Amino acid sequence: SIDIKGEEDERDSCDSPYWPAEEYYDQSRQKCEEDAHPCFDKYTRASSISFNDTSLIFPYCTNLTQLFPDAFPTINDENAMNIMSKTGDTFWWKYQWKGDVG
């Protein structure tokens, strides 16, 4: 999958333009959540597109605009073919629960 995520102190982050391109609607999910902590709250907006083909690569900036068309307003004709660099491999564990945690 490829994910995009943003967070802010305000609920406005739920309005972030992270919708996937329409062709990926059936293989995507979006969420907006409030993370409540003892000393502060924050809001997170995220979208994820899942792919069955794990060999897919997205080397150019323009690939991001094809996946999430409204999320990258600074990508234009001049920089669309810039090559993105990978900064490292990480694993993300996904958990789901209902109710209070902690």
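## A walk through the sheet and its core

Start with the whole chain on screen: of the 102 residues in the protein, 29% are buried, where buried means under 20% relative accessible area, exposed means over 50%, and partly exposed is in between, using a 1.4 Å probe and protein chains only. What you have open is a predicted model, in which local features need pLDDT of at least 70 and side-chain atom pairs count only at pLDDT 80 or more, while totals for chains, interfaces and linings use all residues. Residues are numbered from 1 along each chain as its sequence is written, and side-chain values use heavy atoms, with hydrogens and water left out.

Switch to a cartoon view. You'll find 1 helix and 3 strands, and along the sequence they follow the pattern β-β-β-α. Helices here are DSSP runs of H or I with at least four residues, strands are E runs of at least two, and both are numbered from the N terminus. If you turn on the surface, the accessible area comes to about 8400 Å², with 48% of it belonging to carbon and sulfur atoms; the method is Shrake-Rupley with a 1.4 Å probe, and for residues only the protein chains shown count as cover.

**Stop one: the sheet.** Select the 3 strands together. They form an open, antiparallel sheet in the order 1-3-2. Strand 1 (2-8) and strand 2 (28-36) are the edge strands, each pairing on one side only. From one strand to the next, the twist averages 15°, taken between lines fitted to C-alpha atoms, with angles running from 0 to 180 degrees between N-to-C directions. Two strands count as paired if DSSP finds at least two bridges between them.

Now colour strand 3 (residues 41-49). Is it mostly covered or not? Covered: 8 of its 9 residues are buried. Strand 1 pairs with strand 3 over 7 bridges, and one pair to click on is Lys5 with its bridge partner Ala46. On the strand 2 side, 9 bridges join strand 2 to strand 3. Pick out these partners, going along strand 2:

- Gln30 is bridged to Ser47 in strand 3.
- Glu34 has Tyr43 as its bridge partner.
- Ala36 is matched with Asp41.

Keep going past Ala36 and you reach the hairpin that joins strand 2 to strand 3 through 4 residues.

**Stop two: Lys42.** Stay on strand 3 and select Lys42. Which residues touch Lys42, leaving aside its neighbours within four places in sequence? They are Glu7, Glu8, Glu33, Glu34, Asp35 and His37, where contact means heavy atoms within 4.5 Å. Then draw a distance from the C-alpha atom of Lys42 to that of Ser13: it comes to 9.1 Å, though the two are 29 residues apart along the chain. Across the whole protein, among contacts between residues at least 6 apart in sequence, 55% join residues at least 24 apart.

**Stop three: the core.** Show side chains for Ile2, Tyr24, Ile49, Phe51, Leu67 and Phe68, the residues with the most contacts inside the largest nonpolar core, which has 14 residues. Such a core is a set of buried Ala, Val, Leu, Ile, Met, Phe, Trp, Tyr and Cys residues joined through side-chain atoms within 4.5 Å. Strand 1 and helix 1 (61-67) are the elements that give two or more residues to this core, and the largest share, 3 residues, comes from helix 1. Zoom in on Leu67: beyond its neighbours within four places in sequence, Leu67 is in contact with Ile2, Trp19, Pro20, Ala21, Tyr24, Ile49, Phe51 and Phe58.

**Stop four: a loop residue.** Go to Asp26, in the loop between strand 1 and strand 2. Asp26 counts as exposed because its relative accessible area is 71%. Its C-alpha atom is 8.9 Å from that of Ile49, 23 residues away along the chain.

**Last stop: two cysteines.** Select Cys39 and Cys61. Which is buried and which exposed? Cys39 is exposed, at 75% relative accessibility, whereas Cys61 is buried, at 15%. A disulfide is a covalent bond between the sulfur atoms of two cysteines. With the cut-off that a pair of cysteine sulfur atoms lies within 2.5 Å, the count here comes to 0 disulfides.
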